[in-house]
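Me: I should like to learn how to read the features of a two-chain model. May we go through them in turn?

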2 protein chains.
Amino acid sequence: MPGASGASGVPQFEFDAETRLAGDGPAFTAQITDRWSGMVGVNGGFMLALCTRALGQVLPFPDPVVVSAFFLRPGLPGTAHLSTEVIRTGKTTAFGQASLWRDGKEVVRATAAFTDLSKAAARAERGPTFTGAAAPSLPPPDECFAMPSAALAGVTLTDRLDYRAGAAPGWLTGQPSGDPTAEFWMRFSDGREPDLMSLPLLVDAAAPVVLEVGALSTTVQLTVHMRAHPAPGWLACRALTRHVAAGYHEEDFEIWDSAGVLVAQSRQLALVLG
Amino acid sequence: MPGASGASGVPQFEFDAETRLAGDGPAFTAQITDRWSGMVGVNGGFMLALCTRALGQVLPFPDPVVVSAFFLRPGLPGTAHLSTEVIRTGKTTAFGQASLWRDGKEVVRATAAFTDLSKAAARAERGPTFTGAAAPSLPPPDECFAMPSAALAGVTLTDRLDYRAGAAPGWLTGQPSGDPTAEFWMRFSDGREPDLMSLPLLVDAAAPVVLEVGALSTTVQLTVHMRAHPAPGWLACRALTRHVAAGYHEEDFEIWDSAGVLVAQSRQLALVLG
């Protein structure tokens with residue numbers, strides 16, 4: 001169960017333990033370990049998850065439905081300060097802003113809307129629905145290629161997660177495919193089940209698909225839509241870049257839960273590193 | 001030429017005249033007319049264009065590359081106040097935030113990154129490029145169906161723009177197609193050429209494609225990536241919704257210029273109206 005604590009009161013799963021916030025708000029502190037690092041400092045999705053968790057403490061609705069973050073400078077492990085602001089509380093939606101600070105410098109600025117997704121779904125019960133896309137079609141996780149730990153030098157985040165794909169990605173075997181797309185399974189290595197609060201991390205937790213065209217990049221901005229509470233189990237993911245041009249690329253990311261429901265859609269803009 | 005002024009000093013095109021800001025910063029005022037209204041108050045993209053223009057006045061780089069806005073309440077015509085904040089100025093990128101206020105209430109909160117897109121492209125000249133999608137394939141504008149003015153009651157924004165599609169959309173003829181996608185040409189009716197500053201308006205300026213599944217909605221959040229300076233001429237647009245579920249839907253929007261270059265990619269999250 002997400003967030004479940006052991007007898008000692010310490011969360012039993014590492015994501016919950018390591019996104020714990022001290023303070024009663026509107027300001028908080030977090031201790032960022034070196035276990036969530038991406039290719040350039042602390043993974044952006046992890047810092048966005050911290051901001052989302054801080055906003056969950058100050059906003060009157062339980063569920064993030066959209067979060068948007070700008071990454072202002074690389075984040076480093078250590079003590080981070082989080083400031084929050086309630087922008088507006090309406091009848092069904094509340095808006096807030098959170099910043100993550102390191103040594104007095106702002107690293108991430110995030111804005112979010114929170115709601116009660118179950119109530120929103122109940123209100124929409126008789127309204128129109130449409131699904132124009134399907135979950136990735138993947139072999140069962142047990143029959144898949146398991147991504148090795150430490151596949152990317154310096155990246156520790158990937159040790160926190162299990163990834164399974166139909167085949168090893170081209171970039172991993174030294175033969176980039178030229179096609180910046182990927183479909184794969186993902187879950188927390190320690191058995192923690194996915195929830196809304198972990199989705200901002202998970203959409204940014206896989207190797208960037210632009211590795212297949214020989215590009216390295218750093219995220220400038222990331223927007224995540226959280227469309228439904230994820231069911232327990234493996235998550236089916238799809239990552240896709242269509243335009244690497246003039247020094248920037250987008251990456252789209254979808255997460256589908258074990259019940260076949262789209263639970264997250266994200267897009268980021270990244271700066272190609274020279 | 002975008003922004004060109006007549007002999008009187010008054011901008012000759014209506015978008016430029018009606019997004020004029022008074023003030024030297026960091027605060028500005030704008031006079032919003034009733035000529036840019038969407039289905040629920042002033043069009044969100046127009047208000048985002050105002051915020052983007054305000055940020056362009058206070059940030060040291062000329063080109064917005066990504067803007068993200070949350071729509072907190074409906075906007076009405078009249079005097080709007082804009083507040084701006086320079087978040088961070090780096091060597092190649094500057095970040096800022098702008099809010100649009102009406103009668104002391106915050107209506108839009110926007111965050112943006114600005115850069116010099118030509119310099120970014122020059123730095124990336126020898127780097128990887130990839131294009132995994134093509135511009136919409138449309139008949140020449142003169143052979144297309146021209147969307148009539150006032151197709152949607154109360155919507156005035158569409159009078160500012162010309163739209164041309166291969167055929168009349170289903171929702172317009174009372175026979176929604178069930179397929180929430182559209183491809184069409186778009187340009188300003190008064191001959192103003194597209195530029196980066198107008199893209200936040202243009203990605204939100206067409207009828208929502210969820211009309212094809214019988215849904216009405218209001219935008220919660222909109223993120224726009226501006227990928228290149230648009231060439232003069234008609235813009236080829238593609239709008240696409242894949243998931244209408246549990247009271248929300250996304251809409252993706254692409255704008256390709258007359259040279260066949262992708263110039264804008266946007267995604268919005270919208271709340272389905274009951």
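Me: By what turn and what shift along the axis can chain A be laid on chain B?

Reply: Two copies of a chain are related by a rotation about an axis and a shift along it. Here, a turn of 180 degrees and a shift of 0.0 Å along the axis lay chain A on chain B with an RMSD of 0.0 Å; the two copies are thus related as by a two-fold rotation axis. The superposition is by least squares on the C-alpha atoms of residues with pLDDT of at least 70 in both copies. This is a predicted model, in which local features need pLDDT of at least 70 and side-chain atom pairs count only at pLDDT 80 or more, whereas totals for chains, interfaces and linings use all residues. Residues are numbered from 1 along each chain as its sequence is written, chains are lettered from A and ligands numbered from 1 in the order in which they are written, and side-chain values use heavy atoms, with hydrogens and water left out.

Me: How many residues of chain A are in contact with chain B, and what area do the chains bury between them?

Reply: The size of an interface is often given as the accessible area lost when the parts come together. Chain A and chain B bury about 5000 Å² between them, 60% of it on carbon and sulfur atoms (accessible area with a 1.4 Å probe, summed over both parts). In chain A, the residues that lose the most area to chain B are A:F130, A:R227 and A:R267, together 15% of what that side buries. Contact, meaning heavy atoms within 4.5 Å, involves 58 residues of chain A and 57 residues of chain B. Of the interface residues of chain A, 98% are also interface residues in chain B, so the copies meet through the same surface.

Me: How many salt bridges cross the interface of chain A and chain B?

Reply: A salt bridge is a side-chain nitrogen of Lys or Arg within 4 Å of a carboxyl oxygen of Asp or Glu. The rule finds eight across this interface. One example joins A:R109 to B:E85, with the closest N and O atoms 2.8 Å apart.

Me: Which peptide bond before A:P26 is cis, and where does A:P26 lie?

Reply: Most residues other than glycine have a negative phi, and most peptide bonds are trans. The bond from A:G25 to A:P26 is cis, with omega near 0 degrees. A:P26 lies in the loop between α1 (14-18) and β1 (27-32) of chain A; helices (H or I, at least four residues) and strands (E, at least two) are DSSP runs, numbered from the N terminus. In chain B, a cis peptide bond joins B:G25 and B:P26.

Technical notes:
Buried area is the accessible area (1.4 Å probe) that two parts lose on being put together, summed over both.
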